[in-house]
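Here is a set of exercises to work through with the model open beside you. Try each task yourself before reading its solution.

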Amino acid sequence: MSDISIRPALITKVIPDSICAEMGFEPGDSIVAVNGEKPRDLIDYQFLCADEFLELEVLDSKGKTHKLEIEKEYDEDLGVEFETALFDGLIQCNNRCPFCFIDQQPPGKRETLYLKDDDYRLSFLYGSYLTLTNLTQKEWDRIEQMRLSPLYVSVHATEPEVRIRLLKNLRAGKILEQIKWFQERRLQIHAQVVVCPGINDGEHLERTLLDLAKFHTGSIPAVASVAVVPVGLTRFRPAEDELIAVTAEKAREVIEQVQKIQVLLSKGKGGGKPKRKNSKSTPPNPPLARGGEDLNGLLGKSKSRCIWLADEWFLIAGLDLPSAGDYEDYPQIGNGVGSIRQFIQQFETAFEKLQPMQVEPQRKLVWVVGNAVEKAFEPIVQQLNQIPGLSVNMAALCSHYWGQTITVTGLLTGQDLLEALQGRDLGDGILLPSVMLKQGEPRFLDDMTLEQLASSLKTRILPVSGVEELISAAIGLATAEVKF
């Protein structure tokens, strides 16, 4: 395991009252080895530290090496956080997908925005998506030996020629063989399919979903879930990328196509073929364009719905979101599947717990969101404005920075907010979803900082993460804020 290319694991935080805090560890110290082994990443570190007796080689911030011995409970954490989860460097992408967001950004921004992550370790640890095209046999062996499951895989298409066209990589055509590998070892993946109109939609999308559904069987289905996501395009994308934006008409078409497969799969839960009703209001299910026989073979075997539509499809189509019950246990929440419905449901639950109250002194706030969620979040604004003394106005914005007419909240930039809000009555401040900001740093995707925005708008900004912080900030309870 030891390798000269593995850097010492730099500590950035020591948890109070932890083992390392008691031993005098400080930010800036580094762990070189655990029991004589240099951890390649956080996975190795956690595996090596899952012992009752540890010998640590530590490099302090002044460059001095120390040998330390620790006795602890088997599952007791040492209490440190690191600069990165990868001590031997990021495994970068070797594909050239035309829809890659990295290639749809303007030049000259912070370096980390241009790193193309295709690392199976980040997929296991944090749920980021990878393509499986760059794995060596050594890495496949490690996935099997350490049972690194589930992984999150960008499938996009199961037909070899279509996936190769999308990823611009001849190794991309082996995806079904690779999923079979997971199945044989009782390991799992969560899959995503980014739909690019004219390339992997229509009968190609149907083929992909039916192929993936075949692996959603047994006690440990190899494909735990599938998210169907619309391609997102910006004005910075290469002119020759052959991509077409998803229209409202195309969104409705994909919703109907996927829901048809969802219904047929779910009807199979009780076994047998779905019964047809001879009713004008409920017409018989039309046959699928391709693979109908394959689907009949799946009826009665699927453990759940398996295939899920991202919220964006309904927002683009101008249709209501599915109910909370339709998302089961939200298996693809990180991919924007059900996140809006879950947020609304959590807000309603939290709002009901509020005691009758009145905000004093009176407060007037602006809640900034992407215009994609304007219709869905209107009831939240109406409920907040029922609180005496509180006035919340929603500013639902598109992104001129990215050139998008329909924009999800997380893609709004400081420039977008400055352009839309300058000269506007902002009352007592802005409620700003922290999903717009770099994790752990108050900076937008265009590199503008929160402090710069607050100064330019001459108002205070209240970053909020989740329902509880939104409500607390709105009614004036203590919360972090950025002042101009």
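**Exercise 1. One face of a helix**

Helix 14 packs its buried residues against helix 13 (414-421), strand 13 (430-433) and strand 14 (461-464). Find out which residues of helix 14 are buried.

Before you start, note that this is a predicted model, in which local features need pLDDT of at least 70 and side-chain atom pairs count only at pLDDT 80 or more, while totals for chains, interfaces and linings use all residues. Residues are numbered from 1 along each chain as its sequence is written, and side-chain values use heavy atoms, with hydrogens and water left out.

*Solution.*
Step 1: locate helix 14 at residues 450-457 (helices, H or I, of at least four residues and strands, E, of at least two are DSSP runs numbered from the N terminus).
Step 2: pick out its buried residues, which are Leu450, Leu453, Ala454 and Leu457 (buried means under 20% relative accessible area, exposed over 50%, partly exposed in between, with a 1.4 Å probe and protein chains only).
Step 3: look down the axis of helix 14; the buried residues fall within an arc of 100 degrees, so they line one face of the helix (the arc is that of the directions from the helix axis to the C-beta atoms).
Step 4: step past the end of helix 14 to lysine 458, which follows it and has a positive phi, near 55 degrees.

**Exercise 2. Two helices side by side**

How do the axes of helix 13 and helix 14 cross, and how are they oriented?

*Solution.*
Step 1: the two axes come within 10 Å and cross at roughly 10 degrees (axes are lines fitted to C-alpha atoms, for helices over the stretch in contact, and angles run from 0 to 180 degrees between N-to-C directions).
Step 2: that makes helix 13 roughly parallel to helix 14 (angles under 35 degrees count as roughly parallel, over 145 as roughly antiparallel, 65 to 115 as roughly perpendicular and the rest as oblique).
Step 3: at the meeting point, Gly414, Leu417, Leu418 and Leu421 of helix 13 touch Leu453, Ser456 and Leu457 of helix 14 (contact means heavy atoms within 4.5 Å).
Step 4: sort this contact by class, and you get five nonpolar, two polar and no charged residues (Ala, Val, Leu, Ile, Met, Phe, Trp, Tyr, Cys and Pro count as nonpolar, Asp, Glu, Lys and Arg as charged, and the others, Gly among them, as polar).

**Exercise 3. A helix and its surroundings**

Work out which residues of helix 15 are buried and what covers them.

*Solution.*
Step 1: the buried residues are Val467, Leu470, Ile471, Ser472, Ala473, Ala474 and Ile475.
Step 2: seven of the 10 residues of helix 15 are buried, so this helix is largely enclosed by the rest of the structure.
Step 3: the cover includes helix 11, strand 11 (363-370), helix 12 (374-384), strand 12 (390-397), strand 13 and strand 14.
Step 4: take helix 11 (residues 339-352) from that cover; its axis and that of helix 15 (residues 466-475) come within 9 Å and cross at roughly 50 degrees. That makes helix 11 oblique to helix 15.
Step 5: list the partners: Phe343, Gln346, Phe347, Ala350 and Phe351 in helix 11 meet Gly466, Val467, Glu468, Leu470 and Ile471 in helix 15. By class, this contact has seven nonpolar, two polar and one charged residues.
Step 6: finish at glycine 476, which follows helix 15 with a positive phi near 95 degrees.

**Exercise 4. A strand residue**

Is glutamate 69 buried or exposed, and what does it touch?

*Solution.*
Step 1: find glutamate 69 in strand 4 (residues 65-71).
Step 2: its relative accessibility is 57%, so glutamate 69 counts as exposed.
Step 3: leaving out residues up to four places away in sequence, glutamate 69 touches Met23, Phe53, Leu54 and Glu55.
Step 4: compare chain and space: glutamate 69 and leucine 54 are 15 residues apart along the chain, and their C-alpha atoms are separated by 5.7 Å.

**Exercise 5. Special spots in loops**

Locate the cis peptide bonds before proline 150 and proline 361, then look at asparagine 35 and arginine 186.

*Solution.*
Step 1: the bond from serine 149 to proline 150 is cis, with omega near 0 degrees; proline 150 sits in the loop between helix 4 (137-145) and strand 7 (151-154).
Step 2: the bond from glutamate 360 to proline 361 is cis too, with omega near -10 degrees, and proline 361 lies in the loop between helix 11 and strand 11.
Step 3: asparagine 35 has a positive phi, near 50 degrees, in the loop between strand 2 (30-34) and helix 2 (42-48). Asparagine 35 is partly exposed, at 31% relative accessible area.
Step 4: arginine 186 has a positive phi near 55 degrees and is partly exposed, at 47%.
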